[in-house]
Amino acid sequence: MATSVSINRLFFSLVTAYMALLVAGLLGFRWYVSYPNEIAGVLREQQQAIDSLNAAITLSQQQLATQTRDYATWDDTWFYVQDRNNTYIESNFVGDTFDSLNLIGAMIIDIDAHNIISWHYDRELNNLTLDTLDTDTEISLARSKQMLTKDVAVYDVALLNKQPALVSVSAITRSDGTRADKGWLFFWRPIDQSFLDNLSRITRLEIHPLSHAQRNLQNIVNPLTKIKESHQLCMHDRLGRPEVCMDIRFPNYHPPEFMGVSTWIMLGILAVVPSLFFWLIMHLLIAPIRKATLFLESSVRTRSIRNLEVPEDGLQIREIRRLLTAYNQLASTVLEQKSALQQLTRTDALTGIANRRAFDHALERAWFRMNRYQQSMALMLIDIDHFKRFNDSAGHPAGDEVLRQVAEVLANMARRTDEVAARFGGEEFALIVYAHSTLEVESLRRNLHEAIANLAIRHPDSPTSEWITVSAGIAWIRNSGEWLNKTNQEDWLAYTDMALYKGKANGRNNSVLTVFDQQHPLEPEATRQNVT
């Protein structure tokens, strides 16, 4: 027996459970989804900023490499290494050169990697000296020599007399590349506060140099693993050793809070909304449900809504149960209507092609299209000759099979968009097809009779032929136009039926063509198809 419960009590229990689950769900979602996503978002932003910084550094290195390659492939540089002519040095490696290229050092070595000449430039004192290298520079140079290549200018980071710098090296060759390498040219560009300030302007980061490289600091090219207000990162040389370290701070850094103001507001809303919802349900829902139930019961009496079943056991709410009962009664009415509509289907059940209802709709649409656009279409009515005699002699199952095969032939003749093959009634069929020329209409007539003949269905009692044959009437609209407004599709169909009648009167197994235009009626022209 079904158990009823008050909707008031049920809703109070559901709302209480809903509130508890919602709060737990919010906290769980915050802990496992949204809060980690916010952390990941901040980390992604910081990583993008570091990537931009790396891109700016790489661009500076590439610019330095381009300048190095330009000097290294200069014929004067090549001849200097070969002849050691000091005029080249005195003319090209002066203080202004180092200022314009923003360099603090340069060096030329021979093909055996022996130092030919090196310079150190003090930018503050504007002092250029032929310089020997200190121990740190020698170590950095030894590492840099591992970059030597004949193909491209290579860049790295290194120390030059204890000052961090970008270093680039390029092979010294003739500008036309026809002579062998003579050695290598090194350029150093300082990584000083001015360089870091320029990076800060580009990336909008606060960048400060650290006093010395620390081996335990992360490489600047490696991905960040956690969010921080500042990251201490190092630029490593090609051997993976830290050469330049920086303290990188992110302005306006605001780490996500697990229980921020927005979370507390959401919890407050989750506490208030269900209570308000419960009050609204009590005052606004039950009365409409009762009113709707009365309405549905009235609809059942007028048989305007379909029927559905109602469970007879389990927990039931009285008001909802009454509503469902009324709805179930309405369901039966709708099912009856659905059954009636199924009888109006547009497909002929026997042949599988369009039925008369679908044909009427297609004829109306074709007429509408020809009124709007200039088109050429043919309407055909096809009748199976002496079909009643075939049914009487061969039986109705055989007659049904003939109908199906003829329908298949006609369906194959109406394959283009908007073309239709339909069963018109009994043994009569209809075609609406495009026909743009007399040749196309004649081909349509010929193909029809040939296809029926190819079925090779013997007719045991036909005075026309020993095989199944058809007669057809065709009304061809050669060119549609405004003149169609003076007639209608019923006239078109009647004209086609007149052509079919003349074809049958002419001895059957033939088709009669009539042109349906503004000069009609024209005398239909019969063509007998000698199909045996």
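**How the labels in this model were earned**

Me: This is a predicted model, so let me start with a helix. How do you know that the length of α13 agrees with what a helix should span?

Reply: Happy to check. Helix α13 runs over residues 489–505, which is 17 residues. At 1.5 Å a residue it should span 24 Å, and its end C-alpha atoms are 24 Å apart, so the two values agree.

Me: Which residues of α13 are buried?

Reply: They are Gln 489, Trp 492, Leu 493, Tyr 495, Thr 496, Ala 499, Leu 500 and Gly 503.

Me: What puts them on the same side of α13?

Reply: These buried residues cover an arc of only 160 degrees around the axis, and therefore they sit on the same side of α13. A general rule helps here: an α-helix has 3.6 residues a turn, so residues three or four places apart point the same way.

Me: And what is exposed on the other side of α13?

Reply: There you find Tyr 501 and Ala 505, both exposed.

Me: What covers the buried residues of α13?

Reply: The cover includes the helix α9 (356–372) and the strands β13 (377–384), β14 (420–425), β15 (428–434), β16 (470–477) and β17 (510–515).

Me: Let's move to Gln 61. Why does it count as buried?

Reply: The cut-off for buried is under 20% relative accessible area. Gln 61 has 10% relative accessibility, so it counts as buried. This residue is in helix α1, and beyond its sequence neighbours up to four places away it touches Tyr 155, Asp 156, Val 157 and Leu 166.

Me: Where does Gln 61 lie with respect to the second largest pocket?

Reply: Gln 61 is one of the lining residues that lie nearest the centre, along with Thr 58, Val 221, Met 235 and His 236. The lining has 14 residues, divided into 6 nonpolar, 5 polar and 3 charged, and the space in this pocket is about 230 Å³.

Me: Which element gives the most to that lining?

Reply: That is α1, with 4 residues. Elements that each supply at least two are α1 (7–72), β5 (154–160) and β10 (230–236).

Me: Last one: why is Ser 393 called partly exposed?

Reply: Partly exposed lies between the 20% and 50% limits. Ser 393 has 41% relative accessibility, so the label fits. Ser 393 belongs to helix α10 (residues 387–394), and leaving aside neighbours within four places in sequence, it is in contact with Pro 460 and Asp 461. The C-alpha atoms of Ser 393 and Pro 460 are separated by 6.7 Å, though the two residues are 67 residues apart along the chain.

Conventions
Residues numbered from 1 in each chain as written. Predicted model: local features only at pLDDT ≥ 70, side-chain atom pairs only at ≥ 80, totals over all residues. Heavy atoms only, no water. 1 Å grid on protein atoms, 1.4 Å probe; cavity = no way out; pocket = protein on both sides within 12 Å on 5 of 7 lines; lining within 4 Å. Points joined across faces, edges and corners; volume = space filled by probe spheres on them. Nonpolar A, V, L, I, M, F, W, Y, C, P; charged D, E, K, R; others polar. Expected span 1.5 Å × (residues − 1). Buried < 20%, exposed > 50% of the residue type's maximum accessible area, 1.4 Å probe, protein only. Arc of directions from axis to C-beta. Contact = heavy atoms within 4.5 Å.
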